[in-house]
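Got your viewer open and a selection box ready? Here is a walk through this one, stop by stop.

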Amino acid sequence: MKLKDILLKLKEKAFQIDFHAALEKLQSNGKLLLSTVIVTFVVMALACLAVFSVNVKGPEQVLVPDVTGKKLTTALIEMQAKKLYPEIQLRYSETPGDEGTILEQDPSGGAIRKGFSHISLVVSRGVVIDHVENYIGENIDSVRMKLQTLFAGTARPLIVIASPQYKADTAEAGTILEQDPPEGTNITDPVTVHFVVSRGPNFENTRVPDLIGNSVSDVLQQMSRTRLVFDFTAHTAEPGEGAGTVVHEQTFSEELIANYTHVAVEFAFPRQAQGGNIYGIFEDVLPAYPYPVQIKLTAEPEDGDAYTIVTFSHPGGAVTIPYAVPKGTELVLYVVSSAGEKEHKRISVR
């Protein structure tokens with residue numbers, strides 16, 4: 001064998017030895033690399049899990065302080081110390097001098113909440129009114145309505161009106177003439193206000209109108225113009241009497257009589273409907289008023305729009321009103337005041 005062939009075989013054998021050694025080394029390093037990758041993945045997963053757990057847990061829980069009845073500044077400091085966020089709402093209160101005081105809170109003191117939670121605080125903005133106003137010259141019904149609206153929904157109104165004292169005066173009936181306590185009196189507790197109220201002028205007298213022969217519509221016009229109380233009665237018209245007119249009226253020796261004196265008036269009404277109208281006397285009994293109030297009688301026909309029959313002043317007690325309306329009409333009596341119209345009685349004409 002030649003030397004050249006021997007060297008070639010030795011070279012091939014050396015290459016085979018190196019290749020097998022390299023392959024074994026590569027296999028050994030691959031296992032190490034795989035182990036390293038697995039360990040790295042596990043460590044990263046544990047780290048992510050730890051970070052997620054911390055974020056989910058969030059702020060630590062705290063005890064909500066009870067700040068009801070405390071001033072707002074004190075409440076804010078206590079909430080800040082607990083890392084709580086107050087949400088403030090303002091509301092009028094019923095106790096003078098408690099402006100800026102915590103009236104309510106939600107959740108209440110002692111509750112457990114996470115830090116940075118929101119706590120609702122209701123703060124007093126003081127009372128609706130803190131002094132007595134000037135009511136002289138106003139109508140007492142208007143003042144009552146004003147105070148009822150002002151203290152609506154409160155269990156303890158700060159101003160209460162005592163039973164008024166009435167006296168005759170040139171001012172319109174119902175006008176407040178005097179008040180006690182006076183304007184500007186501070187309100188520290190509920191105050192009872194005493195009023196002196198005008199009954200209206202008591203020196204005016206009224207001339208009695210001559211109603212004999214007047215129809216129902218004529219009499220209604222006189223009722224709206226005069227300050228007298230007419231007590232109406234009726235009988236079925238007899239031969240010679242004008243059906244639907246006044247046939248008797250009370251007479252007085254004096255030409256002028258005191259306002260709201262009762263005057264008896266008698267009608268002669270037709271036996272049956274006349275001109276499509278039924279005749280009658282509307283009767284009711286009203287409370288006794290300290291001064292005359294407006295009274296209104298309206299008609300609501302079955303066909304057509306409602307209309308007013310008459311409006312007049314009346315001091316209360318028995319009230320009578322003549323009418324001539326179609327059958328089926330609803331008659332409604334209203335008492336009218338500064339507070340509005342209030343239905344008192346309703347009848348149906350049959």
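Helices and strands here are DSSP runs, numbered from the N terminus. With that in hand, select α3 (140-150), β19 and β20 (340-348): each of them supplies at least two residues of the lining of the second largest pocket. Keep in mind throughout that this is a predicted model.

**Stop 1: the second largest pocket**

You're looking at about 270 Å³ of space. Its lining counts 15 residues, and those closest to the centre are Asp141, Tyr289, Val293, Val335 and Ser337. Sort the lining by class and you get 9 nonpolar, 3 polar and 3 charged residues.

**Stop 2: the largest pocket**

Now move to the largest pocket, with a volume of about 610 Å³. To centre your view, pick Ala173, Tyr260, Tyr291, Pro292 and Ser313, which are the closest to its centre among the 27 lining residues. Then colour α4, β16, β17 and β19 (330-337), since each gives at least two residues to this lining. Which element gives the most? That's β17, with 3 residues. The class split for this pocket is 10 nonpolar, 11 polar and 6 charged residues.

**Stop 3: Thr298**

Stay with β16 (residues 293-300) and click on Thr298, which sits in that strand. Is Thr298 buried or exposed? Its relative accessible area is 9%, so Thr298 is buried. Show its contacts, leaving out residues up to four places away in sequence, and you'll find Tyr307, Thr308, Ile309, Glu330, Leu331, Val332 and Tyr334.

**Stop 4: helix α4**

Select residues 216-225, helix α4, and highlight its buried residues: Val216, Val219, Leu220 and Met223. Turn the view to look down the axis of α4: those buried residues fall within an arc of 105 degrees, so they line one face of the helix. The background is simple: an α-helix has 3.6 residues a turn, so residues three or four places apart point the same way. To see what covers the buried residues of α4, switch on strands including β11 (229-236), β12 (245-249), β14 (262-269), β15 (278-286), β17 (307-314) and β18 (317-325).

**Stop 5: Met223 and the cores**

Zoom in on Met223. Beyond four places away in sequence, Met223 touches Phe230, Phe232, Val310, Phe312, Thr320, Ile321 and Pro322. The largest nonpolar core has 51 residues, and Met223, Ile321 and Leu331 are the ones that touch the most other members. A second, separate core has 11 residues, among them Ala75, Leu84, Ile119 and Leu121.

**Stop 6: the largest cavity**

Met223 also lines the largest cavity, together with Leu228, Val229, Phe230, Phe312, His314, Val319 and Thr320. β11, β17 and β18 are the elements that give two or more residues to that lining. The space inside is about 50 Å³, and the structure holds 2 cavities of 30 Å³ or more. What does the lining look like by class? It divides into 6 nonpolar, 2 polar and no charged residues.

**Stop 7: Glu87**

Finish on Glu87, in strand β2 (residues 85-93). With a relative accessible area of 42%, Glu87 is partly exposed. Its contacts, not counting residues up to four places away in sequence, are His118, Ile119, Ser120 and Leu121, and Ile119 and Leu121 belong to the second core from Stop 5. For a last distance label, join the C-alpha atoms of Glu87 and Gln105: they are 18 residues apart along the chain and separated by 9.6 Å.

Methods: Residues are numbered from 1 along each chain as its sequence is written. This is a predicted model: local features need pLDDT of at least 70, side-chain atom pairs count only at pLDDT 80 or more; totals for chains, interfaces and linings use all residues. Side-chain values use heavy atoms; hydrogens and water are left out. Buried means under 20% relative accessible area, exposed over 50%, partly exposed in between (1.4 Å probe, protein chains only). Helices (H or I, at least four residues) and strands (E, at least two) are DSSP runs, numbered from the N terminus. The arc is that of the directions from the helix axis to the C-beta atoms. Contact means heavy atoms within 4.5 Å. On a 1 Å grid over the protein atoms alone, a cavity is a set of points where a 1.4 Å probe fits but cannot get out, and a pocket is an open set with protein on both sides within 12 Å along at least five of seven lines; lining residues have an atom within 4 Å of a point. Grid points are joined across faces, edges and corners, and a volume is the space filled by probe spheres set on the points. Ala, Val, Leu, Ile, Met, Phe, Trp, Tyr, Cys and Pro count as nonpolar, Asp, Glu, Lys and Arg as charged, and the others, Gly among them, as polar. A nonpolar core is a set of buried Ala, Val, Leu, Ile, Met, Phe, Trp, Tyr and Cys residues joined through side-chain atoms within 4.5 Å.
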